[in-house]
Amino acid sequence: MSTAESSVHRPRGRNETEEERADRMWVELIQEVRVAQMGVQILFGFLLTVVFTPTFTDLSDTDRRIYIVTVVLGAAATGALIGPVSLHRLVSGRRVKPQAVTWASRLTVVGLILLLATMVCSLLLILRVATHDPYVPWLVTGIVVWYVLCWFVLPIWTRRRYTSH
């Protein structure tokens, strides 16, 4: 039997209630958020220390602006990625888990977009300070494309390719 034929005979979906599905999706979402939270918190922590280094005063006005934007983006990403935990805690026991999962998922996507922006700005700042070569914007653009492919294009393509909804 071919792969296409076997997938036709394979049962689809799970036999779970809306609450069971929400419970499962919540556990999966929290595991995913933990990875992103750790990354954004470490990056944000390092960003906060930069202003206290002696070389900070040597930064150009442009580099200082990039730094400020990067810190603000890092703070926003941290807020969005910690948001699902607060959401869960404040609505726990209110019988709104399916809705909480939906909102937590949205916060996570926003957090990932903000984390992407934070990482790109951090990379831009580091490369501008480390080298004044004109290829820096091209390197950063290449990384942006890579992140977008890994974080958004591949998952969206997979979802559209292998799911019916």
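## Cores and a pocket in a predicted model

User: Which helix gives the most to the lining of the second largest pocket in this predicted model?

Analyst: H4 gives the most to that lining, with four residues, while H2, H3 and H4 each supply at least two.

User: What makes a residue part of the lining of the second largest pocket, and which lie nearest its centre?

Analyst: A lining residue must have an atom within 4 Å of a pocket point. There are 16 such residues around the second largest pocket, and Val50, Leu59, Leu125, Ile126 and Val129 lie nearest its centre. The space in this pocket is about 280 Å³, and by class its lining has nine nonpolar, five polar and two charged residues.

User: Why is the set with Ala36 and Leu115 called a nonpolar core?

Analyst: The name applies because its members are buried residues of the nonpolar kinds joined through side-chain atoms within 4.5 Å, where buried means under 20% relative accessible area. The largest such core has nine residues, namely Ala36, Val40, Leu73, Ala77, Ala80, Leu81, Leu114, Leu115 and Cys121. Helices H2 (18-50), H3 (61-91) and H4 (97-130) are the elements that give two or more residues to this core, and the largest share, four residues, comes from H3.

User: What does Leu115 touch, leaving out residues up to four places away in sequence?

Analyst: Taking contact as heavy atoms within 4.5 Å, Leu115 touches Ala36, Val40, Leu43, Ala77 and Trp151.

User: How many residues are in the second, separate core?

Analyst: That core has eight residues, among them Phe44, Leu47, Ile66 and Val71.

Conventions: Residues numbered from 1 in each chain as written. Predicted model: local features only at pLDDT ≥ 70, side-chain atom pairs only at ≥ 80, totals over all residues. Heavy atoms only, no water. Buried < 20%, exposed > 50% of the residue type's maximum accessible area, 1.4 Å probe, protein only. 1 Å grid on protein atoms, 1.4 Å probe; cavity = no way out; pocket = protein on both sides within 12 Å on 5 of 7 lines; lining within 4 Å. Points joined across faces, edges and corners; volume = space filled by probe spheres on them. Nonpolar A, V, L, I, M, F, W, Y, C, P; charged D, E, K, R; others polar.
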